[in-house]
Amino acid sequence: MTKDECKQVVLDIIADIAPDEDLSNVKPDVRLRDQLQLDSMDFLDIVMELRKRYNIEVPEAEYIQLASLDSSAEYLTPKFNALAAGKG
Amino acid sequence: MNSCTHYDVAIIGAGMSGLAAGIRLAHFGKKVCLFERHNAVGGLNSYYSLDGRKYDVGLHAMTNYVRPGVKGTPLTKLLRQLRIDREEFALCEQKQSRIAFGPQGEMSLGFTNDFAVLEGGVAAMFPAQIDGFRRLVQLVRTHDDVSLEARPESARAVVRRHIHNQLLEDMLFCPVMYYGSAQEHDMEFGQFVIMFKALYLEGFARPFEGVRVILRVLQEKYRQAGGERRMKCGVQCITARGDRATALVLDDGSLITADHVLSSIGAPETERLMSDQLEPVGALSDVCVSPVGRLSFVETITVLDRPPAALGWGDDTIIFFNDSAQLHYEQPATQVDPRSGVICFPNNFDYGPGRDLPEGWFRCTCLANYAQWANLDEEDYRGDKRRWFEEVQRSALRFLPALASPDMLSRATVATDMFTPRTITKFTGHFGGAIYGSPQKHRQGRTALANVYLCGTDQGFLGIVGAMLSGISMANYHILQKGK
């Protein structure tokens, strides 16, 4: 998985949990919280959906890694790739 | 046989909070089952059929209404967390409501879903208080009301720092208390904030078909997420070893086990299940730490052959009334206290052009004393119901424009019904007919057992949106967030 694909995964999850947000202009380097109305309940849902859909675990201490799309991609891409390698 | 069914989470009670918690847990892959003693879901906000008509109970209006696009409020959070599209609730806004005080309701403060209307009314009626009122509103807006760690404080004391007029104070407290307070005379400030926002800063709405629309959506989401439910199957007792619940004994005597138990039935009611005594005991205080609520209600329901407006009653949606010098939000000394109460006209929501409820509805709610209703024999019970029906309706009529002729209401009436504190306990299991539960809330939902949590009324988020958010918060906090 590329980092861009990883960003899309996160955006797709946000689109499902917050369908009332406009995601057409999300800046990858700005904190999601600063450009979208997302609270701690929504971040919990991003983590929960990652686990549900992709079996990706994000421990509570590492939620901070999901602050922006860039940081999410940085953090999650290796996890996705490790998982894919494990399956292969 | 030792192959009893095991669940990740067992939820006791399929009311708004239990259903909402169930949706969250099932959506995230938990094996969940809802256990409901009654044959219908909804708990305190439900409906029943009588002579081919569907009667709503509980819900006068859904509070916390905000228009599409307004974010960060309880309604928006709830819709997101449960993956509900707001169109599914099909909410229609109230027209306008008012708080009417004085023997004939001479002092009247109107409010709508536009907060400026209430603010303007306060400025006009209480010019000396408007600055203080605005300071109070500012405080309410910035208060963190969903904090699970807030320190309790008297709402009356906080309000009096800003408002120095007893009439205005009581007028503001009246709807806030009637729509959610389990405490007499005063409230915890955090609870006041929740209700103030829900009623005044946000507002009232209702689906055209009433509460069953909301229940239908919740049930459908729960089913789609894979949640199980067992109707007409209450929980008799929770067995424990050490500080953990080990099994639930169901009404039919069978056993189930669960890693977590989420109880929406109330704090003292849950404590009773956790006590060793299976039979209801004389003194609940022996087994319950949480006090049983002292506030119960009666409601009269009158079905009309025409809309209430056709009786000359205008198109107010909800009227909160009080005839006395002070508001007495307390357990009445008599069976019912008709001095103050709430009138609701479900017809007076804005359902859109040409869309009207097929019949007129006139509902009145007043405070009632559970003990004075609980032990009557059947004949006395019916007689007292008839007597108080007339009394409550007569009291409410003082706050409505006069009828063209005195017998007009009885001629327009096609059916009536009434619930009493006894009805509430019979169908919801709430001790003391206490709709709003125990005055002592448990914000974090903890109980004496480490894997049994409370949600709903006694967790302390009020109103029906609050109830759903309570189920969501407790499921998140105790189960999902911890990755358990």
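**Exercise 1. Find how many residue pairs are in polar contact across the interface of chain B and chain A.**

Step 1: Take the rule: a pair of N or O atoms within 3.5 Å, where within protein one must be able to donate a hydrogen and the other to accept it, and residues adjacent in sequence count only if both atoms are side-chain atoms.
Step 2: Apply it with both residues at pLDDT 80 or more, and you get twelve pairs.
Step 3: Now see who sits on the side of chain B that touches chain A: four nonpolar, eight polar and five charged residues. Here Ala, Val, Leu, Ile, Met, Phe, Trp, Tyr, Cys and Pro count as nonpolar, Asp, Glu, Lys and Arg as charged, and the others, Gly among them, as polar.

A quick note: this is a predicted model, with local features needing pLDDT of at least 70 and side-chain atom pairs 80 or more, while totals for chains, interfaces and linings use all residues. Residues count from 1 along each chain as written, chains are lettered from A in written order, and side-chain values use heavy atoms, without hydrogens and water.

**Exercise 2. Work out how many salt bridges link chain B and chain A.**

Step 1: Look for a side-chain nitrogen of Lys or Arg within 4 Å of a carboxyl oxygen of Asp or Glu.
Step 2: Try R24(B) and D45(A): their closest N and O atoms are 2.5 Å apart, so by that cut-off they form a salt bridge.
Step 3: The full count between the two chains is eight.

**Exercise 3. Decide how many disulfides the structure holds.**

Step 1: You need a pair of cysteine sulfur atoms within 2.5 Å.
Step 2: Over all chains, that gives zero.
Step 3: Check C33(B): the nearest cysteine sulfur, in C233(B), is 7.9 Å away.
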